[in-house]
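Biologist: Before the coordinates are displayed, I should like to learn how to read backbone angles and salt bridges in a model. May we work through some cases together?

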Amino acid sequence: MKTLVTASALLFCSVAFAHNCPNEMKAIDAKLGTNPSLSATDMDKVKSLRAQGEKMHKEGKHDESMKALGDAKKLLSL
């Protein structure tokens, strides 16, 4: 019984994590909307990582998506 409960909890967490990509993209978009003071190079990198994260999300590659979006958020100091 404990194994079933643990497996169910892990499945729920992984599904919730996978659906967090859109929230991460929204946070990045909101910060970009404030015209953050970044160098042109960093701004290009953030936009590229954000686009890569969305692409990976649409392909079902949520771990890779969250990595790219996390890197973008670090550049934006989120």
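**Reading exposure, backbone and salt bridges**

Modeller: Let us begin with Ser 77, which is exposed, with a relative accessible area of 66%. Please keep in mind that this is a predicted model.

Biologist: Where is Ser 77 placed, and what is its phi?

Modeller: The general idea comes first: most residues other than glycine have a negative phi. Ser 77, although not a glycine, has a positive phi of about 60 degrees. Its place is in the segment after helix 4 (62-75).

Biologist: What is the phi of Asn 35, and is this residue buried or exposed?

Modeller: Asn 35 has a positive phi of about 50 degrees and is not a glycine either. The residue sits in the loop between helix 2 (21-32) and helix 3 (40-58). With a relative accessible area of 65%, Asn 35 is exposed.

Biologist: I turn now to charged side chains. How many salt bridges does a search of the whole structure find?

Modeller: A salt bridge is assigned when a side-chain nitrogen of Lys or Arg is within 4 Å of a carboxyl oxygen of Asp or Glu. The search of the whole structure gives seven. In one of them, the side chains of Arg 50 and Asp 29 meet, at 2.8 Å from N to O.

Biologist: Which parts does the pair of Arg 50 and Asp 29 tie together?

Modeller: Arg 50 lies in helix 3 and Asp 29 in helix 2, so the pair ties together parts that are 21 residues apart in sequence. Arg 50 counts as buried, at 14% relative accessibility, whereas Asp 29 is partly exposed at 38%.

Biologist: How should one read a salt bridge within a helix, such as that of Lys 58 with Glu 54?

Modeller: Consider the spacing along the chain. Lys 58 and Glu 54 are four residues apart in helix 3, which means that about one helical turn separates them. Their closest N and O atoms are 3.3 Å apart. Lys 58 counts as exposed, at 65% relative accessibility, while Glu 54 is partly exposed at 27%.

Biologist: Where do Lys 67 and Asp 71 lie, and how far apart are their closest N and O atoms?

Modeller: Both belong to helix 4, four residues apart, about one turn of the helix. In their salt bridge the closest N and O atoms are 2.9 Å apart. Lys 67 counts as exposed at 52% relative accessibility, and Asp 71 as partly exposed at 24%.

Biologist: Which residues are joined into one network by salt bridges that share partners?

Modeller: That network consists of Asp 29, Arg 50, Glu 54 and Lys 58.

Note on methods: Residues are numbered from 1 along each chain as its sequence is written. This is a predicted model: local features need pLDDT of at least 70, side-chain atom pairs count only at pLDDT 80 or more; totals for chains, interfaces and linings use all residues. Side-chain values use heavy atoms; hydrogens and water are left out. Helices (H or I, at least four residues) and strands (E, at least two) are DSSP runs, numbered from the N terminus. Buried means under 20% relative accessible area, exposed over 50%, partly exposed in between (1.4 Å probe, protein chains only).
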